[in-house]
Amino acid sequence: MSYSDYGDNDPIYGDDLADEDRESRPRLMLMGLRRSGKSSIQRVVFHKMSPTETLFLESTSKINKDNIHSFIDFQVWDFPGQMDFFDPTFDTTAIFGEVGALVFVIDSQDDYMEALAKLHATVVAAYRVNPSITFEVFIHKVDGLSEDYKIDTQRDIQQTTTDELADAGLENVQLAFYLTSIYDHSIFEAFSKVIQKLIPQLPTLENLLNILCANSGIEKAFLFDVISKIYIATDSSPVDSQSYEICSDMIDDGHNDYESSNGRQGNNHQQISGNDSSSQAVASISSRAGSLNNQPTQQTSGNHEAFSVIKMGNGTVLYLREVNKYLALICLLRAETFEKQGLIDYNVQCFKEAMDQVFELKRAERTRREMENQLMQQQQQQQQQQQHNGMYGHG
């Protein structure tokens, strides 16, 4: 199941993080040379395609527009690498005018000088049309490179790009660079940071997570999308890649069962093995929780919320609570902290209620704007009718 499988009428958050007008939804543009990996990234991140399946994808020959319906409604435009959108027949204003983020993909295993030239031309053209675009550079296919080569490649690409933009008088343009691969978590972590920039409520979400962590003794908290492994917000403490990967796997391993939990209640309690390579931890499921590898345990209150707790052998506890059909909260905390689970459960419920209030304000603001627009339309119609009557009476 992909993002696109969700309907447009879900009342919770699905439309509330997006612009009111669906035609003005945030647009994310994927660009890069041919065979750089753009389409593979799109399929793996947003449509759950296995990385090995992308080997059989054909090269993109036309602009592919993908409407994404999830915690935020947006569009992904996949541009063919061979397309020259600087040709006079292309309207650069139409191309870049509504773009929220431009992701340029560079194949790190290929000679990337041509790609850097294309990146420079793209940034210059896009910035002139829309200075508010966020520019993201994915240095892709790094899974086949050594750690030293990765670092050297990123440094070279970043320095060359920065120097060329400075020579063009665009030294104030900010680009973010990421080392990515579809064969590990790096592509999801990079896209998490890209998508977060499209969410206007991000500071509020981060503040709520900070309050939750401070009042509950939680070491790290992520707010995940339940379809992909993208996290849309986290608390202000530094993100540790290993912690992110553990939480991401907790979502990914139990995706299908989590998805089904919106319709039925499960009661399986299983013993599972943790994959924490640093401690070779063995995880056990608490008596109140179910394994995401099998069927998530649901709260018995009748609201069918997915809930799971995994105790790792190194003393870390993973705590998952469903927020809604789109989002899940995953927290990392120490086993001794989890002894006060009642307090944690209560604080998490307060967090969910606070999120409801944030997006209720968003809904109220959207309703107010819709009413204002309707009133303006009525006034315009009345004015047009009065003008028509005046002309008719004069005749």
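These numbered points concern a predicted model and go through its salt bridges, surface patches, strand pairing, one helix and two backbone angles.

1. Salt bridges overall. The predicted structure holds 6 salt bridges. Three of the pairs are taken up in the next points, among them Asp152 with Arg155.

2. Asp152 and Arg155. The closest N and O atoms of this salt bridge are 3.0 Å apart. Both residues belong to helix 4 (residues 147–167), where they are 3 residues apart, or about one turn of the helix. In an α-helix there are 3.6 residues a turn, so residues three or four places apart point the same way. Asp152 has a relative accessible area of 43% and is therefore partly exposed.

3. Lys220 and Asp235. The side chains of Lys220 and Asp235 form a salt bridge, at 3.6 Å from N to O. This pair links distant parts of the chain, 15 residues apart: Lys220 is in strand 7 (residues 220–225), and Asp235 is in the loop between strand 8 and helix 7. Lys220 has a relative accessibility of 6% and counts as buried. Asp235 is buried too, because its relative accessible area is 6%, and the limit for buried is under 20%.

4. Asp345 and Arg321. Here the side chains meet in a salt bridge with an N to O distance of 3.9 Å. Asp345 is part of helix 9 (residues 341–394) and Arg321 is part of strand 12 (residues 316–322), so the salt bridge ties together parts that are 24 residues apart in sequence. Both Asp345 and Arg321 are buried.

5. Negative patch. On the surface, Asp143, Asp184, Asp240 and Glu245 gather in a patch of negative charge. Of this group, Asp240 sits in the loop between strand 8 (231–234) and helix 7 (241–253). Asp240 counts as partly exposed, because its relative accessibility is 40% and that class lies between 20% and 50%.

6. Nonpolar patch. Leu55, Phe56 and Tyr183 make a nonpolar surface patch of about 400 Å². Phe56 lies in the loop between helix 1 (38–47) and strand 2. Its relative accessibility is 71%, so Phe56 counts as exposed.

7. Strands 2 and 3. Strand 2 (residues 64–68) and strand 3 (residues 74–78) run antiparallel and are joined by 5 bridges. The connection between strand 2 and strand 3 is a hairpin of 5 residues. Within the pairing, Asn67 of strand 2 stands opposite Gln75 in strand 3.

8. Helix 5. How many of the residues of helix 5 (residues 186–196) are buried? The count is 10 of the 11, so helix 5 is largely enclosed by the rest of the structure. The buried residues of helix 5 include Ile187, Phe188, Phe191, Val194 and Ile195, and also Ser186, Glu189 and Gln196.

9. Positive phi angles. Most residues other than glycine have a negative phi. Lys48 has a positive phi, near 55°. Lys48 is in the loop between helix 1 and strand 2, and is partly exposed with a relative accessible area of 26%. Lys141 also has a positive value, with phi near 65°. Lys141 is in the loop between strand 5 (134–140) and helix 4, and counts as partly exposed at 24% relative accessibility.

Conventions. Residues are numbered from 1 along each chain as its sequence is written. This is a predicted model: local features need pLDDT of at least 70, side-chain atom pairs count only at pLDDT 80 or more; totals for chains, interfaces and linings use all residues. Side-chain values use heavy atoms; hydrogens and water are left out. Patches are made of residues with over 30% relative accessible area and no salt bridge: like charges are joined within 9 Å, nonpolar side chains (Val, Leu, Ile, Met, Phe, Trp, Tyr) within 5 Å. Accessible areas come from the Shrake-Rupley method with a 1.4 Å probe; for residues, only the protein chains shown count as cover. A salt bridge is a side-chain nitrogen of Lys or Arg within 4 Å of a carboxyl oxygen of Asp or Glu. Lys and Arg count as positive and Asp and Glu as negative; His and the chain ends are not counted. The place of a charge is taken as NZ of Lys, CZ of Arg, CG of Asp or CD of Glu. Helices (H or I, at least four residues) and strands (E, at least two) are DSSP runs, numbered from the N terminus. Buried means under 20% relative accessible area, exposed over 50%, partly exposed in between (1.4 Å probe, protein chains only). Two strands pair if DSSP finds at least two bridges between them.
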